[in-house]
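Okay, everyone, thanks for coming. Let me put the structure on the screen, and then we'll talk about the ligand and its surroundings.

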Amino acid sequence: MKKAAITAFAVMALCGTASADVIKVGVVGPFSGPFALQGKNFKAGIDAYIALHGNKIGDDTVEIVYRDIPTADPAQSKALGQELIVKEKVQYLAGFYFTPDAMAVTPILKQGNVPMVIMNAATSAIMKTSPLVVRTSFTTWQTSTPIAKVASDAGVKKIISVVSDYGPGVDAENAFRKAFEEAGGKIVEAIRMPLSTNDFSPIMQRIKDSGAEGVFAFLPSGPTTLGFVKAFNDNGLKAAGTKFYAPGDLTQESDLPALGDAALGIQTTFHYAVSHDSPENKTFVEAATKAIGNEAELSFPSVGAFDGMHVIYKMIEATAGKQDAQKAVDAVKGLAWTSPRGPVSIDPESRHITQNIYLREVTKDSDGKYFNKEVQTFEKQGDPGLAAAK
Ligand code: PHB
């Protein structure tokens, strides 16, 4: 006994005071079911980050623990968050595709001494629910404000707004309305659809009947957005000349082949296009494609996850691997870096990401591949929704 204790002491002395730990990061996202491709993109971004930067920070080793939540389900999300903190002893929580899933977990962060890095959920108010949240994705206020300017610059005066009736949809409607009305436009009707809506024909009829020149739309990316844009085309609205304005959730790259030529020319504003032309994005797309297995499946949640890992690595460095949620979060306030999407920073007050928002147009290249082509940049956009979330 005594000899063993002395040996252990000698080994510790040789290694210095730091001990090598496994630092667990719990990632909650849709890894099965209708939104599985979005979760697959979380994993591709995380795998790409680890492939490029390794899984060691000093002596510590990072281990990712995944938990699947197929659709928005706050009760299940809370149970998973608790299980990850209490049983798995994760030091960080990350992921969260849907707003209600993120909102359900923020109340337990403080007690668990665990920061949350949101890799997608996009409602402004989430940041107000805990000082331990940092976000590397976007808000729908951030992405929907510039498209209102695009619509009004095109001379459009009357818009009908159609959004999913939950956090990011309501934020998108408010953001678009504020910017569009300030520019002299009018929202003739505002429709909020249940999140579960999948037959969009009645909505298309209401758009036709509204007398609006164009529609503003937000739905969470996945089968929902593909169905909505398809319905817009199939019900003859595109052919009738109705204008279509939306944030980039509506034209994620992985949906473009299924939309085909009907999507050509659709303008959206967003923080990331897989086609973004920069050395950082080239490196990212190569690594993320290797991880996901097929470049055609890459979409925006991958970049939210990749940058989320960057933030988590910086937090682990700053705390030398020790569990101190507040210190970890404080360490990344003001952090700036070049993301695959362009220059970004964490706003020290809101803990949300400041970034460029790009106007993009769906285009077909000479190989017949559809992509979002960036045509204009709105630089260094913060989250205009924070004032609204107060
Ligand atoms: C959200 O629930 O916050 C959410 C989900 C998917 C999106 C955007 C926002 O494309």
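Right, let's start with one contact: a polar backbone atom of Ser221 sits 3.0 Å from an oxygen atom of the ligand. And how much of the ligand does the protein bury? By itself the ligand exposes 280 Å², and 100% of that is buried by the protein. Keep in mind that this is a predicted model.

Two more oxygen contacts for you. With Tyr166 it's the side chain: one of its N or O atoms is 2.7 Å from a ligand oxygen. With Ala122 it's the backbone, where a polar atom comes to 2.8 Å from an oxygen of the ligand.

Zooming out a bit, the ligand has 14 residues around it, and the closest of them are Thr99, Ala122, Tyr166, Ser221 and Asp249. If you sort that shell by class, you get ten nonpolar residues, three polar ones and one charged one. As for the space the ligand takes up, that's the largest cavity.

So where is all this in the chain? The domain assignment splits out domain 1, which is 22-138 + 277-351, and domain 2, which is 141-270 + 358-388. The ligand lies between domain 1 and domain 2, because both of them give residues to the shell around it.

Last bit, on how the domains meet. Their centres, taken over C-alpha atoms, are 27 Å apart. At the contact, 24 residues of domain 1 touch 23 residues of domain 2. Okay, over to you.

How values were computed: Residues are numbered from 1 along each chain as its sequence is written. This is a predicted model: local features need pLDDT of at least 70, side-chain atom pairs count only at pLDDT 80 or more; totals for chains, interfaces and linings use all residues. Side-chain values use heavy atoms; hydrogens and water are left out. A residue is near a molecule or strand if one of its heavy atoms lies within 4 Å of it. A polar contact is a pair of N or O atoms within 3.5 Å; within protein, one must be able to donate a hydrogen and the other to accept it, and residues adjacent in sequence count only if both atoms are side-chain atoms. Accessible areas come from the Shrake-Rupley method with a 1.4 Å probe; for residues, only the protein chains shown count as cover. On a 1 Å grid over the protein atoms alone, a cavity is a set of points where a 1.4 Å probe fits but cannot get out, and a pocket is an open set with protein on both sides within 12 Å along at least five of seven lines; lining residues have an atom within 4 Å of a point. A molecule sits in a cavity or pocket if more than half of its atoms lie within 2 Å of its grid points. Ala, Val, Leu, Ile, Met, Phe, Trp, Tyr, Cys and Pro count as nonpolar, Asp, Glu, Lys and Arg as charged, and the others, Gly among them, as polar. Domain bounds come from an automatic or database domain assignment. Contact means heavy atoms within 4.5 Å.
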